[in-house]
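Colleague: Could you take me on a close look at chain A? I'd love to hear how its strands and helices are put together, in plain words.

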Amino acid sequence: MEPAPSSPGPPAPTRSGTGAAPALPPDAPDGTAAWARDLVKTYGQGETVVRALDGVDVDFRAAELTAIMGPSGSGKSTLMHCMAGLDSPTSGRVVIDGTEVSRLSQRRLTALRRTRIGFVFQSYNLVPTLTAAENITLPLDIARVPVDRAWFDEVVGAVGLGDRLHHRPSELSGGQQQRVACARALVSRPSVVFADEPTGNLDSRSSAEVLGFLRRSVDELGQTVVMVTHDPRAASYAHRVLFLTDGRITADLAAPTRRDILDTLGQAEED
Amino acid sequence: MLRVALRGVRAHLVRFVLSTLAVMLGVAFVVGTFTFRAMLSSTFDEIIATTLVADVYVRGAEEIDDSTTAGSTFGTPHSPVPVSLADTVAGVDGVARAVPDASGPIVLVAADGTAVTTSGPPSIGIAVGPDEPTVTLASGAWPVGPAEIALEESAASAADLTTGDTTTVVLAGAPQPVTVTGVFAIEAAAAGTILVGLDPATALATYAPDGTVPTISVYAAGDVSEEVLAERVAEVLPAGAESLTGEAVREEARQGVEQILGFIETFLLVFAAIALFVGAFIIANTFAMSVRERQREFALLRALGASPAQVFASILAQAVAVGVLGAATGVVLGRVLVSGLRAVFGSTGMELSGRVPLSATSVVVAISLGVLVSVVAAAVPGRRAALTPPVQAMHDDVAPDRGTGTRAVLGLVLTVLGAGLLVLASRLGSSASADPTGWALVDDLNPRVLLAVGASAALVGVLVLSPAIAGAVITVLAVPAVAAIRPLGRLARGNVTRSPRRTSNTAGALLIGMALVSATGVIAASTQASVRSIVDEQMRADYVVQGAAATGALPPGVTDAVTGLPAVGQALPLRLGTLDVDGEPSGATVVPPGFFTEALDAPVVEGDPDQALADGEAVVRRTAARDKGWAVGDSLTLTSDDGTRTQDVQVGAIIDTQVISSDLVLADATYADVGATEIPTYAVYVTAAPGTSTTELRAALTEAVKPFLVVSVLDREELANAAAAQVDQVLVILYALLGLSIVIALLGIVNTLALSIIERTREIGLLRAVGLGRLQLAGIITIESVLTAVYGTVLGVLTGIAIAAALPGVLAEQGLTSLAIPWGQVLAVLGLAVVIGLVASVWPGIRASRLPVLEAVTVD
């Protein structure tokens, strides 16, 4: 196992204010897989307007597992949806692997999702009528791209599902299903994998399997993973943890322990 | 709970709209049928009330076989009475006038020089004049003498003729130039009949050449009741004639009409029932899916203390709402349909009664039907929903599809049973011997009943079996799609096969329609093939001269015109007469000796038919011989219709042909002893003279019949084609009627797709999130739709063909001797299934591709 890459980010723990002028240059530094500038997302109008994202600047570095944490309603899912092109921001820029997501047409977005982005959802990740193997290669099949057998075997080997490949989702445990979903997210070598509460429905043992795999996919396979979670234990697998409160990034921890995370969460609640 | 139920309908309106539509179409069909019948009924009532206006009618007392009368009168035809009897009757106290009723076929040439033809109703010449009470002069003058005619208004417009024009009519077989002297009106709608007015003397000379007429109309003078007058007239009548009150005759006519309309109504109601049955599938499917989808809602209600009965009642309430709404709109649509139909009939020259009656009874029946169908269809899924324990309902995302084991067994048993019955029916029907199986109990079964039961059992069996075989069959059907359209084909196949029960129910609606369509197609093709082979095998003559209207008799002069031609070797007229055989009214085919050598090579069961004719013996058909126990050498007592002449004739031969439809065939000379002198000729079989080519013969014949206008010369091929064309006409009507059930089945596919898309929202979101394009998503849904449609169609076509395959055995005696499967048509039906699938997927496909990805992913 390679050593965990050192965080090039600011020393941890620290708190960076938001709402100020962007501190980073418009084009992100090298080694950034995805980034956003002055991202704003509002819902509703007039009196009832809700600012789910209130000017977020963020960089997701390549070959890193980044966790986004925050209480319910903090905007963490919205941030992920906007980053992944599932939702369109009210204003601001989102760039994935050099492509400005916020300017793409629906058609281009669809193409981007199947080539550059991998998804793992909290539940209902698999198409019930397809086998595990078919589910894994689904994005490639949709894109009509031939499957890279070597990479496929590597990914499948890493998830540890070699003997379950021809089973239907209904014949797999929750943890196994989620690992299949992870393998699917990785099979097209995406620039970024977005995982939305990937362990939200799992027991602790299955959670550990899934999180271990996500971490290994970064460390061993060199993938980039962004994971939304509200579970400190899950976040502790990350190289870096971002904290969101009321639509702003309020903390940025590098390689935190579970204790660091709990402390930061505690501080956030006191604010 | 009622409020919850109704809110449920409102909240998921789209889901219920298609169910409502299905009920609406079925009910519209039912109401349309009732209303159409009522409209026809009132049309004919008007005709009867305005044409049968005499106070007393005199007619022969004997009923005669009606197979040869050209439908010129309503009710049962009776033997004729002498024209001279009118004078006797006119002398009775209280009689103002007694008029012999002379009317009959006529050919009217239109302004463009062609004969006026209609889609069915005949052209009839009637006596008109100032004394005729049923007609009034609209313009011009009444005709006087044989060179003048008057036209009924709609006939005048159909022929584009008016007062002062000259044209030609064919009267008693002789074309003659006439002048139109006037246009007259009748009180009733003519219902398409072309009425040509002749002066009464001409009408009598034309239509009563032998001095007899079917009836004499008697009009009362002053205040004499119909009953009293009828009694007085009866006193002066000779034996063999009877007098009836006008009301009795009108009633008899009405009953005759009602009987025919009853057949039409039953026929149409069968199709309405099919449509409703198919609709019930859709409703059951809708409720099954909506119940599954709302399991949590029901669980919540149960948790809040609602009893299973209350949940069940709330679902039934929704079913009632769907039923009432569908039926109410259906009633309106049905009425609109009939008005449209009336306009269509009107534009083709068939004026129908202006009233489109809508009786309270039919409305009540239709609405009850709609409600009943929806409630019955919703009851099964409703019961399941009511009995689901709340905890399970709260837990499960989607309840698993129940097993199909029991259904498979039941379906298989029914299918095999049905198939067995069909085979048995075919065996029994086609067997020559009286005891094909040797078991009296089985041999006595009616093959037609067996056929009906077997066909129903097979159809229901396949419907029941369908969920068990859907997976396997669709996997096979989907092979091209899976191979050609990756990965969409595979995804679509998975969606169709994951719930075999639902797919089967959806396809079931189409299965029924397609089974009937293909069975009909096979029957039609087999009939045409049979006709063709009969014509090929049995026709000896080179040409047949017959009326252009398939059922009409030839004008009387044709035989003479043809016989004299030098190109003609033999001209053998086939005439149809009536008589009593052993006291039973019967028709007889009357031909010259040599007919079975020169004209028709009828398969002989026993004896020599030509020799029998020459010896003055009767030739009988095999079926008649079997049914009546006639054998060669038996003696038959033939009696003329009026009962005055009797003769015993031996059965000389038994033949087995479908070309001749009456029980017995007599030589001209034999019939002349016991029958009327003037009987209509239906066809003349012609052979070429030695040394004359058929081409020359044809030219000569065509020239000879030209003056008769409506007579055609057909060779074997054309004869077969003419018969085939008739089958095609019937086929078009049947297809149109079955089309409705296919439209309803299409709605069912739309419905199922739309609902399954709602169910699969998250899955669709997932697919879109991992990069599935909108068009690709629509493609999946299209493939699903086509697979479902093709599945239902394949099963339906197979079932239909299997059922139809048993028919030649059962209906061999009706002339259906060979089985022909119209493969081209089967392919066309499969093509139609693809089209249905494509059409059905349009709206669900658009709906699915418009689902916002984010909402689909994050939906609860």
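Modeller: Happy to: here is a walk through chain A, from its overall make-up to its strands, its helices and its contact with the other chain. Please keep in mind that this is a predicted model.

Let's begin with the make-up. Chain A has 271 residues, and 49% of them are buried. Its secondary structure comes to 8 helices and 10 strands. If you take the contacts in chain A between residues at least 6 apart in sequence, 71% of them join residues at least 24 apart.

Now to the open sheet. Six strands of chain A form it, in the order β6-β7-β8-β3-β9-β10, with mixed pairing. At the edges stand β6 (117-120) and β10 (248-254) of chain A; each has a single partner strand, so one side of each is left without a neighbour in the sheet. On average, and ignoring direction, neighbouring strands of this sheet are turned by 20° against each other. One pairing to look at is that of β3 (residues 65-69) with β8 (residues 225-228) of chain A, which is parallel and has 4 bridges. To find it on your screen, pick A:L65, whose bridge partner in β8(A) is A:V225.

Two helices are worth adding to this picture. Helix α5 (residues 174-187) of chain A packs on the sheet, where it touches β6 and β7 (192-196) of chain A. The direction of α5 makes about 170° with that of β6(A). Helix α6 (residues 204-219) of chain A lies across β3, β7 and β8 of chain A, and runs at about 155° to β8(A).

Next come β1, β2 and β4. Strands β1 (residues 32-43) and β2 (residues 50-61) of chain A run antiparallel and are joined by 9 bridges. In this pair, A:Y43 has A:V50 of β2(A) as its bridge partner. The hairpin of β1(A) and β2(A) has 6 residues between the strands, and there A:G44 takes a positive phi near 75°. β1(A) is also joined to β4 (residues 91-96) of chain A, again antiparallel, by 5 bridges. Here A:V40 has A:S91 of β4(A) as its bridge partner.

Finally, the neighbour. Chain A gives 20 residues to its contact with chain B, and chain B gives 19. On the chain B side, two or more residues come from each of α16 (488-497), α25 (761-769) and α29 (853-858) of chain B. Of these, α25(B) gives the most, with 5 residues. By class, that side of chain B has 10 nonpolar, 5 polar and 4 charged residues.

Definitions and conventions:
Residues are numbered from 1 along each chain as its sequence is written. Chains are lettered from A and ligands numbered from 1 in the order in which they are written. This is a predicted model: local features need pLDDT of at least 70, side-chain atom pairs count only at pLDDT 80 or more; totals for chains, interfaces and linings use all residues. Two residues are in contact if their C-beta atoms, placed from the backbone, lie within 7 Å. Ala, Val, Leu, Ile, Met, Phe, Trp, Tyr, Cys and Pro count as nonpolar, Asp, Glu, Lys and Arg as charged, and the others, Gly among them, as polar. A residue is buried if 20 or more other C-beta atoms lie within 10 Å of its own, exposed if 12 or fewer, and partly exposed in between; C-beta atoms are placed from the backbone. Two strands pair if DSSP finds at least two bridges between them. Axes are lines fitted to C-alpha atoms, for helices over the stretch in contact, and angles run from 0 to 180 degrees between N-to-C directions.
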